[in-house]
Amino acid sequence: MSNKTVTITDNATGKSVEFPLRSGTLGPDVIDIKDLYKEFGYFTYDPGFTATASCRSDITYIDGDQGILLYRGYPIEQLAEKSTFLEVAYLLLYGDLPTAEQLERFTDSITRHTMVNESVKNFFNGFHYNAHPMAMLTAVVGSLSAFYHDGLDINDPADRDLSAHRIIAKLPTIAAAAFKHMVGEPFVYPNNALSYTGNFLNMLFARPSEPYEVNPVAEKALDQLLILHADHEQNASTSTVRLAGSTGTNPFAAIAAGCAALWGPSHGGANEAVLKMLEEIGTVDNVPKYIAKAKDKDDPFRLMGFGHRVYKNYDPRAAIIRKTCHEVLNELGVSHDPQLELAMKLEEIALQDEYFIERKLYPNVDFYSGIIYRALGIPTEFFTVLFAIGRAPGWVAQWMEMITDPEQRIGRPRQIYTGAPKRDYVPIDQRG
Ligand code: SDX
């Protein structure tokens, strides 16, 4: 803790109290107001937590003004170019890049945990054919808590590790089963001879009736997208995982809570919403009309994939995905993608518009990702599931960090009560 303090004075009573300022390795200092209520009898009010740090964390750093994102200190651009998703998962979980031997052991462990209990298949029979895959993912990930409950001790580091590996390993298997259920095809078992991403693509697209070979362009592109989604400090779904986990609940239940939070269109559901928006806009001629709608306070329409709570600059992930988009489409032989052209036009017009400039609204991670997913043959409703697979290492790393933080307590915000004051019960025949 630094020696710096901030003095808060209650003008009503004249009482002044010094509160410590806490400094991280990067980023602005934070006023530690833990004792505010004890000193003054006041809470703070911060809906949406726009000015509240909920925890300390060593995992991810974002400078929203500069558009910088670091995982454990490493710039996202370097990881996206040089690393692999499993290496990044190791980095997030354990703090440093692995040695070759550590990576081999980690990869082996993840690979060995890709299977799910055979009875997990039965859960899918309960879902209608048109169930949303995020609904299936949330439910079935939650159901894993039924398989791994007795005997799991979250205070035991070995049990935490095992749970983390199981979550990262089994999410693609469950996701692919949800996909197969959607398209009415038989489930494909994991193939441990393939890479993490290759195995996932195989479980999505292989059919018993014909040979399937993983396309290396798709494998590389998807692996990079997973890296780009792997963590993003205290976003809504991660905060949900931490809050649920702070009660000491089963980790699979906490991750299911994260999946539920991710699904919303303001968060991970935006990647699906972007493609639906592009379909609705249809052609470049309609862009000005939709920009006007996005700016109109009386119209609920918003530019999906645009704006961010923390980034007041270009989301560095969006910049990478935009570039990869062109490369992947080229490599897949798509010379002209009308939706990519539409998205670029939308971006160009929005970034020149006073409304977006003033509010510092830029494309975020969800703006271009769907165009790549679609080129890989993945249906729109499935996009957020891919976000969840990518985010799994971040969720479990943050959950592990939370459990081991000596300052960790159950998450329990306060409120400003605005309801009726105390009143007496009125018998039903006397109510007017
Ligand atoms: C993710 O937090 C994370 O880190 C999330 C994430 C991660 O990796 O975990 O990065 C992933 O969730 C990306 C965000 C995906 N969501 C969308 O793309 C949905 C569209 N964007 C927004 O609804 C919005 O920008 C949010 C939810 C992302 C951020 O909301 P904030 O921080 O609460 O900002 P706000 O809604 O208060 O907006 C500020 C102003 C408002 O105008 P005024 O009232 O000041 O006049 O900007 C306007 C908003 O109306 N605005 C938009 C807009 N986003 C904000 N106007 C039009 N279109 C938009 N997209």
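Is W395 buried or exposed in this predicted model? With a relative accessibility of 0%, W395 counts as buried, because buried residues are those under 20%. W395 is part of helix 18, a helix that spans residues 383–404. Leaving out residues up to four places away in sequence, W395 touches S237, T238, V241, I255, G258, C259, L262 and A388. One of these partners, G258, is 137 residues from W395 along the chain, yet the C-alpha atoms of the two are separated by 7.6 Å. Another partner, S237, takes part in a polar contact of 3.2 Å, formed between its side chain and the side chain of W395.

C259, which also touches W395, leads to the matter of disulfides. None is found in a search of the whole structure. The sulfur of C55 has its closest cysteine sulfur in C259, at 19 Å, and this is too far for a bond, because a disulfide needs the two sulfur atoms within 2.5 Å. Likewise, C259 is in no disulfide, and the nearest cysteine sulfur to it is that of C55. The surroundings of these two cysteines can be described by their accessibility. C259 is buried, with a relative accessible area of 0%, whereas C55 is partly exposed, with a value of 26%.

The ligand is considered next. It is surrounded by 24 residues, and the closest of them are H232, H308, R309, R317 and R391. Sorted by class, this shell consists of nine nonpolar, eight polar and seven charged residues. Several polar atoms of the protein lie at short listed distances from the ligand. A polar atom in the side chain of R309 is 2.7 Å from an oxygen atom of the ligand. An oxygen atom of the ligand is also 2.9 Å from an N or O atom in the side chain of N364. The backbone takes part as well, since a polar backbone atom of L303 is 2.7 Å from a nitrogen atom of the ligand. On its own the ligand has 1100 Å² of accessible area, and the protein covers 74% of this area.

H232, one of the residues closest to the ligand, is located in the loop between helix 9 (216–229) and helix 10 (236–245). Its relative accessible area is 5%, so H232 is buried. Apart from residues up to four places away in sequence, H232 touches T60, I62, L69, H308, Y311, R317 and R391. Among these, H308, R317 and R391 are also listed with the residues closest to the ligand. With Y311, H232 forms a polar contact of 2.8 Å between side chains.

The segment after helix 18 includes D405. At 15% relative accessibility, D405 counts as buried. The side chains of D405 and R56 are joined by a polar contact of 2.7 Å. A polar atom in the side chain of D405 also lies 2.8 Å from the backbone nitrogen of E407. Although D405 and S57 are 348 residues apart along the chain, their C-alpha atoms are separated by 9.2 Å.

T380 is found before helix 18, in the loop that connects helix 17 (366–375) with helix 18. This residue counts as buried, at 13% relative accessibility. When neighbours within four places in sequence are left aside, T380 is in contact with E272, L275, K276 and E279.

Two further loop residues have a positive phi value. The phi angle of F49 is near 55 degrees, and F49 is not a glycine. F49 lies in the loop between helix 1 (36–40) and strand 4 (60–63) and counts as exposed, at 56% relative accessibility. For K360, also a residue other than glycine, phi is near 55 degrees. K360 belongs to the loop between helix 16 (354–358) and helix 17. At 42% relative accessibility, K360 counts as partly exposed.

Notes
Residues are numbered from 1 along each chain as its sequence is written. This is a predicted model: local features need pLDDT of at least 70, side-chain atom pairs count only at pLDDT 80 or more; totals for chains, interfaces and linings use all residues. Side-chain values use heavy atoms; hydrogens and water are left out. Helices (H or I, at least four residues) and strands (E, at least two) are DSSP runs, numbered from the N terminus. Buried means under 20% relative accessible area, exposed over 50%, partly exposed in between (1.4 Å probe, protein chains only). Contact means heavy atoms within 4.5 Å. A residue is near a molecule or strand if one of its heavy atoms lies within 4 Å of it. A polar contact is a pair of N or O atoms within 3.5 Å; within protein, one must be able to donate a hydrogen and the other to accept it, and residues adjacent in sequence count only if both atoms are side-chain atoms. Accessible areas come from the Shrake-Rupley method with a 1.4 Å probe; for residues, only the protein chains shown count as cover. Ala, Val, Leu, Ile, Met, Phe, Trp, Tyr, Cys and Pro count as nonpolar, Asp, Glu, Lys and Arg as charged, and the others, Gly among them, as polar.
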